[in-house]
Amino acid sequence: MRQPSLKWLLVSRLVTLQACVIAIIPLIITVTLWSTGYLLDDYEGASLDVLAEAVERDATGGLALRETPALGSLRANAPDLWFAIRDREGHRLQEGNIPPAYLPAIAMLDQLSDARLSKQPELAGKPDAVIKWVDSPAGRIQILTGTKGQMSAQRLARGMSGGLISLILPVIVLVALTTSLATPLVVRRALAGLRRTVEQAAHIEFDKRGTQLQASDMPVEISALVGAVNDALRRLDVGYERHQHFLAQAAHELRTPIAILNARISTLPPGSDRRDLLEDAARLTTLAGQLLDLQRLDQKRDHFLSVNLTAMAKQVLFDLGPLALGAGYEVSFEPEADEVLVIGDHTSLERALTNLVQNAIDHGGRQGTICLRVGKDHFVEVSDEGKGVAWDAREQIFEPFNRLGPNGRGAGLGLNLVREIMEMHGGTVAVVNAGSKGACVRMTFPRTGIADGEVQTT
């Protein structure tokens with residue numbers, strides 16, 4: 001499910017809030033005036049509005065008054081209702097006893113447009129009579145009438161809805177447009193520090209301890225989160241250091257009893273038991289070396305030295321050849337050149353190749369040939385004639401604690417360590433099909449970093 005954008009989340013909520021505030025303010029004002037009776041008692045156009053709605057044309061085209069419910073209510077509340085109505089064609093309609101003070105105004109309606117009339121002009125407030133041109137079912141008419149009656153709730157609602165459409169709605173649209181344009185800019189500037197922190201967090205690696213996220217130039221609410229993340233990173237660093245220290249100490253402590261075990265096994269008479277014990281002791285030695293290598297890989301290096309892959313492979317085969325022969329294998333060494341140079345750490349690379357040969361001894365089926373090849377194109381590969389590696393397991397075997405079979409005798413760290421070492425050197429390790437009956441694992445080194453005549457082999 002797609003996560004909502006903070007920018008547009010703020011825009012939508014701000015626009016909604018502003019629209020509600022703009023709409024509620026006139027409603028509050030209207031309700032206040034209504035509750036005080038101002039709109040009910042002091043509305044001067046109540047009778048005028050009722051008459052305008054009731055005026056219609058008769059059969060001859062003259063003016064007539066239709067008895068509407070509002071007009072009936074007005075007559076009941078104002079028994080002394082009076083009015084004079086005319087149109088531009090000269091048709092007139094008059095009813096009630098017009099106060100003598102306003103009789104001259106009737107004769108002057110042609111000269112008047114709109115007016116507010118009062119018997120006491122010096123007093124402010126609601127007038128006694130009004131003259132106004134209004135629209136009606138009979139067309140444009142002029143009405144002179146007294147200010148009788150009260151505003152109805154229905155008329156008030158219609159007036160508010162008209163005001164909302166004509167005045168408040170354009171304001172809401174303008175505010176929404178302004179907010180939509182301004183809020184993204186404000187949010188972008190407010191969260192600029194957060195974007196930098198996200199970019200910094202994206203480059204955190206497990207082997208780069210001591211990294212802390214930048215908490216400056218950020219809102220207080222977000223800086224608290226960054227501070228919590230930094231505290232978590234510090235705790236992880238402490239735990240990782242303890243873990244690495246334990247691995248190193250355990251590996252060092254294991255080396256002494258393993259050496260004693262090897263010495264005692266070597267004194268045993270030749271036989272299958274002695275061979276099996278030597279293989280088990282070799283695995284213990286390899287495991288201790290792997291633990292030390294994991295700790296060493298975590299340490300940064302300022303530079304690498306040149307390494308002769310051919311010489312290194314020859315030394316590994318010399319060390320493990322007797323173990324392979326004793327397990328029933330033949331051993332083959334096929335270098336394409338006497339000197340194939342790469343830049344790297346000799347100890348780590350030797351450990352990686354040792355793990356590959358040890359893996360071939362463990363899983364080669366105790367028959368056939370284990371072959372070491374060194375290519376001019378900066379690669380080293382180890383192949384055996386065992387059952388091989390299933391196609392869908394070619395990536396899984398390099399995961400930590402993953403074993404080639406359910407009866408594997410190793411810890412499942414060897415091939416993972418090889419991948420870690422090759423990644424440290426900018427190279428790769430993969431299972432390849434090089435014509436071998438069984439498994440063939442190749443370590444490939446980058447071609448960059450080697451200058452002819454400028455390297456010194458180790």
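These are my notebook entries on a predicted model of one protein chain.

**Entry 1, the chain as a whole.** I began with the totals, and the secondary structure came to 12 helices and 14 strands. The chain has 458 residues, of which buried residues make up 36%. For the accessible surface I noted about 26800 Å², with 57% of that area belonging to carbon and sulfur atoms. I then looked up the contacts with a separation of 6 or more, and found that residues 24 or more positions apart account for 63% of them.

**Entry 2, a patch on the surface.** Which residues form a nonpolar patch on the surface? I listed Leu-10, Leu-14, Leu-17, Val-21 and Ile-25, which together have about 400 Å² of accessible area. I followed up Ile-25, which lies in helix H1, a helix that spans residues 6–36. Ile-25 has a relative accessible area of 46% and is therefore partly exposed, since that class falls between the limits of 20% for buried and 50% for exposed.

**Entry 3, Arg-86.** I turned next to strand S3 (residues 83–87), where Arg-86 has its place. Is Arg-86 buried or exposed? I have entered Arg-86 as buried, because its relative accessibility is 9%, and the class requires a value under 20%. I looked for polar partners of this arginine and found that its side chain reaches the backbone oxygen of Leu-109 at 3.2 Å, while a polar contact of 2.7 Å joins the side chain of Arg-86 to that of Gln-142. Leaving aside neighbours within four places in sequence, I found Arg-86 in contact with Leu-63, His-91, Arg-92, Leu-109, Asp-110, Trp-133, Ile-141 and Gln-142; Leu-109 and Gln-142, the partners in the polar contacts, are thus on this list as well.

**Entry 4, aromatic rings.** I searched for aromatic pairs, and the count came to one. The pair is formed by Trp-82 and Tyr-102, with 5.7 Å centre to centre and 20 degrees between the planes, and is stacked. The assignment as stacked follows because planes under 30 degrees apart count as such. Where in the chain do Trp-82 and Tyr-102 lie? I placed Trp-82 in the loop between helix H4 (69–77) and S3, and Tyr-102 in the loop between strand S4 (92–95) and helix H5 (103–107), so that the pair, 20 residues apart, links distant parts of the chain. I also checked the burial of each partner: Trp-82 is buried, with a relative accessible area of 6%, and Tyr-102 counts as buried at 4% relative accessibility.

**Entry 5, Arg-209.** I located Arg-209 in the loop between helix H7 (192–202) and helix H8 (220–266). With a relative accessible area of 27%, Arg-209 is partly exposed. I then looked up its separation from Leu-236, which is 27 residues apart from Arg-209 along the chain, and found 8.7 Å between the C-alpha atoms.

**Entry 6, Tyr-329.** I found Tyr-329 in the loop between helix H10 (309–326) and strand S9 (330–335), and I noted this tyrosine as buried, with a relative accessible area of 3%. Tyr-329 and Ile-361 are 32 residues apart in sequence, and their C-alpha atoms are 8.0 Å apart in space. What does the side chain of Tyr-329 reach at 2.8 Å? I traced this contact to the backbone oxygen of Ile-361, and I noted besides that the backbone nitrogen of Gly-364 lies 3.3 Å from a polar atom of the tyrosine side chain. Not counting residues up to four places away in sequence, Tyr-329 touches several other residues, including Ala-324, Ala-360, His-363, Arg-366 and Ile-370.

**Entry 7, positive phi.** Most residues other than glycine have a negative phi. I looked up Arg-366, a contact of Tyr-329, and found a positive phi of about 55 degrees although it is not a glycine. Arg-366 sits in the loop between helix H11 (346–363) and strand S11 (369–375), and counts as partly exposed at 34% relative accessibility. I also entered His-378, whose phi is near 60 degrees, again a positive value in a residue other than glycine. The place of His-378 is in the loop between S11 and strand S12 (379–383), and at 13% relative accessibility His-378 counts as buried.

Notes: Residues are numbered from 1 along each chain as its sequence is written. This is a predicted model: local features need pLDDT of at least 70, side-chain atom pairs count only at pLDDT 80 or more; totals for chains, interfaces and linings use all residues. Side-chain values use heavy atoms; hydrogens and water are left out. Patches are made of residues with over 30% relative accessible area and no salt bridge: like charges are joined within 9 Å, nonpolar side chains (Val, Leu, Ile, Met, Phe, Trp, Tyr) within 5 Å. Accessible areas come from the Shrake-Rupley method with a 1.4 Å probe; for residues, only the protein chains shown count as cover. A salt bridge is a side-chain nitrogen of Lys or Arg within 4 Å of a carboxyl oxygen of Asp or Glu. Helices (H or I, at least four residues) and strands (E, at least two) are DSSP runs, numbered from the N terminus. Buried means under 20% relative accessible area, exposed over 50%, partly exposed in between (1.4 Å probe, protein chains only). A polar contact is a pair of N or O atoms within 3.5 Å; within protein, one must be able to donate a hydrogen and the other to accept it, and residues adjacent in sequence count only if both atoms are side-chain atoms. Contact means heavy atoms within 4.5 Å. Rings of Phe, Tyr and Trp (its six-membered ring) pair if their centres lie within 6.5 Å; planes under 30 degrees apart count as stacked, over 60 as edge-to-face and the rest as tilted.
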